[in-house]
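Student: Please take a close look at one part of this model with me. I would like to see how that part is built and what lies around it.

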Amino acid sequence: MDQSVGWLSVMIALTAVAYRINAIDASGVIAAVPVGFLTLYFGGVTWFLALLSFFLIASYYTRHKYEQKELAGFSEKNRGARGWASVLANGGLPAFFAIMYHFTGNDNLYLLFFSGSLSFALADTIATEIGLLSRSAPRSILSGKHIARGHSGGVTLRGEMAAIAGTLVIGVICGLFFSKDEGQFAIILIACITSGLLSTNLDSVLGESLQCKYRCTVCNKYAESRIVHCDVVTIQHKGLRFIDNNAVNVISSLFGAAICSIFILAFNT
Ligand SMILES: [Zn+2]
């Protein structure tokens, strides 16, 4: 009881700082407090520190060369301050896995689910943010043809390298926190690299195939959401209406968690 009050205070203080430095907006605060608190309460300090590491690195890369991305017109909104949907799309599953870990009596399966979803979250975020800065135009992950920058489904070599770096970082963090010996460390590291890379690329495939895209009827520019462009509302161009970028993220995060969990037998021996 006393500890939970203390931890809730810690979470509120941390999210206040995140809000103050513009890493999350007001709606992001409302989502981040329960996500962080539940991870801390049910997973423990190491789980929370792993989640916090993701958040700090992702925020850094979202704001990295922000002006350059903004000038080109594909920066995140609000100077990169993340809203509730983004916080839940990246942190919701990890928090859920922390709860399940607790209620299954510390079943390592959830530890791997958690590591896999976090590996996806970091790999995907920095692949996107660094890929946007790539000098060469992205190619479609499905057709291999050049496509316009900032479109879901576009991949660049630089983005792929960034994704690998992201999976390595989460793999090392989760390995240090969750392994009991070198063998387990190596398995978590390999599991995070494999799951993070596969899920990030699945995210691009789904982004190009299923994700709803809109088009301006005046200038034919594409948009990720229904917005006003050239004084008219964009119309649906392709994809499924109910699949937006956050939905694609959640599906890919689940996939990353599932791939990571395949390593459970090796991990438990
Ligand atoms: Zn237009």
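Tutor: Happy to! A residue counts as buried if 20 or more other C-beta atoms, placed from the backbone, lie within 10 Å of its own, exposed if 12 or fewer, and partly exposed in between. This is a predicted model, in which local features need pLDDT of at least 70, side-chain atom pairs count only at pLDDT 80 or more, and totals for chains, interfaces and linings use all residues. Numbering starts from 1 along each chain as its sequence is written.

Let's look at helix H2, residues 26-43 (helices are DSSP runs of H or I, at least four residues, and strands of E, at least two, numbered from the N terminus). Its 18 residues reach 25 Å from the first C-alpha to the last, close to the 26 Å expected (1.5 Å times one less than the number of residues). H2 has a kink of about 25° at Ala32, shortly before the proline Pro34 (the angle between axes fitted to the seven residues ending there and the seven starting there).

Ala32 is itself one of the buried residues of H2, which also include Gly28, Ala31, Val35, Phe37, Leu40 and Tyr41. Helix H1 (2-20), helix H3 (45-63) and helix H5 (84-103) are what the buried residues of H2 pack against (contact: C-beta atoms, placed from the backbone, within 7 Å). Just after H2 comes Gly44, with a positive phi near 110°.

Now step back to the interior. The largest nonpolar core has 61 residues (buried Ala, Val, Leu, Ile, Met, Phe, Trp, Tyr and Cys joined through C-beta atoms within 7 Å). Phe54, Phe114, Leu118, Leu122, Ile170, Cys192 and Cys260 touch the most other members. H2 is among the helices that each supply at least two residues of this core, along with H1, H3, H5, helix H6 (108-131), helix H7 (157-178), H8 and helix H9 (245-261). H6 gives the largest share, 13 residues. Ile170 touches Phe54, Leu118, Leu122 and Cys192, among others.

For a contrast with those buried positions, go to Lys65, in the loop between H3 and H4. Lys65 counts as partly exposed because it has 14 C-beta neighbours inside 10 Å. Although not a glycine, Lys65 has a positive phi of about 50°.

Finally, confidence: the chain's mean pLDDT is 91, and 99% of its residues reach 70 or more (pLDDT is the predictor's confidence in each residue, from 0 to 100). Helix H4 (residues 66-72) has the lowest mean among the elements, 78, and H8 the highest, 96.

Note on methods: Contact = placed C-beta atoms within 7 Å. Lists of a residue's contacts leave out its neighbours within four places in sequence.
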